Amino acid sequence: MNVLDNFDASKHSSVIAHFNQFYVHKGEFERGIYKIIDSAYRIREKCDYSEFFIASKADSELQLKNAKDFVNSVEDYLNYKFSDGSSREN
């Protein structure tokens, strides 16, 4: 999504913040989509930086479902956006 704005960043947090500011806050995506990204980011940080964090099978399955929901939402948005060139209302 951010590439549509010619936005590039070296940090995950910057990419997420940009998406939140320019797509969620402007109503292009529901707040739940941001929560999916934020949750995945926080889990990734725990996996990378905590010595004893182990994701459970249930947590992993939830993250996989959330990722699919996110991808579907972005695909729907892009299909709508490029079908008539306007923004959608949620």
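# Exercises on a three-helix model

Ring pairs join Phe19, Tyr23, Phe29, Phe70 and Tyr77 into a cluster. The structure shown above is a predicted model, and the exercises below work outwards from this cluster.

## Exercise 1: The overall fold

Task: Determine how many helices and strands the protein has, and in what pattern they follow one another.

Solution. Begin with the secondary structure, which comes to 3 helices and 0 strands. Reading along the sequence then gives the pattern α-α-α. As a next step, consider the dimensions: the C-alpha atoms fill a box of roughly 50 × 25 × 15 Å along the principal axes. Finally, turn to the contacts between residues at least 6 apart in sequence, of which 46% join residues at least 24 apart.

## Exercise 2: Two ring pairs that share a tyrosine

Task: Describe the geometry of the aromatic pair formed by Tyr23 and Tyr77, and then that of the pair formed by Phe29 and Tyr77.

Solution. A search of the whole structure finds 6 aromatic pairs. In the pair of Tyr23 and Tyr77, the ring centres are 6.1 Å apart and the planes meet at 85°; because planes over 60 degrees apart count as edge-to-face, this pair is edge-to-face. Tyr23 lies in helix α1 and Tyr77 in helix α3, so that the pair links parts of the chain 54 residues apart.

For the pair of Phe29 and Tyr77, the distance is 4.9 Å centre to centre and the angle between the planes is 40°, which makes the pair tilted. Here the link runs from the loop between α1 and α2, where Phe29 is found, to helix α3, and it spans 48 residues.

The last step is to ask about burial, for which the cut-off is under 20% relative accessible area. Phe29 counts as buried because its relative accessibility is 2%, and Tyr77 is buried with a relative accessible area of 2%.

## Exercise 3: The nonpolar core

Task: Find which residues have the most contacts inside the largest nonpolar core, and which helix supplies the largest share of this core.

Solution. The largest nonpolar core has 13 residues, and those with the most contacts inside it are Met1, Phe19, Tyr23 and Phe29. Each of α1, α2 and α3 supplies at least two residues of this core, while the largest share, 5 residues, comes from α2. Now follow Met1: leaving aside neighbours within four places in sequence, Met1 is in contact with Phe19, Tyr23, Phe29, Val74, Tyr77 and Leu78. In soluble globular proteins, nonpolar side chains tend to be buried together.

Not every nonpolar side chain is hidden here, however. Val3, Leu4 and Phe82 form a nonpolar patch on the surface, with about 330 Å² of accessible area together. Leu4, in the segment before α1, is partly exposed because its relative accessible area is 40%.

## Exercise 4: Salt bridges along the helices

Task: Locate the salt bridges of Asp38, Asp48 and Asp69, and state how far apart the partners of each are in sequence.

Solution. The whole structure holds 3 salt bridges. Asp38 is bonded in this way to Arg42, with the closest N and O atoms 2.9 Å apart; the two residues are 4 apart in helix α2 and are therefore separated by about one helical turn. The side chains of Asp48 and Arg44 meet at 2.4 Å, N to O, and they too are 4 residues apart in helix α2. The salt bridge of Asp69 with Lys65, at 2.5 Å, lies in helix α3, where the partners are again 4 residues apart.

As a final step, compare the ends of one bridge: Asp38 counts as buried at 17% relative accessibility, whereas Arg42 counts as partly exposed at 46%.

Notes:
Residues numbered from 1 in each chain as written. Predicted model: local features only at pLDDT ≥ 70, side-chain atom pairs only at ≥ 80, totals over all residues. Heavy atoms only, no water. Patch = residues over 30% accessible without salt bridge, like charges linked within 9 Å, V, L, I, M, F, W, Y side chains within 5 Å. Areas by Shrake-Rupley, 256 points an atom, 1.4 Å probe, with all protein chains shown as cover. Salt bridge = Lys/Arg side-chain N within 4 Å of Asp/Glu carboxyl O. Buried < 20%, exposed > 50% of the residue type's maximum accessible area, 1.4 Å probe, protein only. Phe/Tyr/Trp six-rings, centres within 6.5 Å; stacked < 30°, edge-to-face > 60°. Contact = heavy atoms within 4.5 Å. Core = buried A, V, L, I, M, F, W, Y, C linked by side-chain atoms within 4.5 Å.
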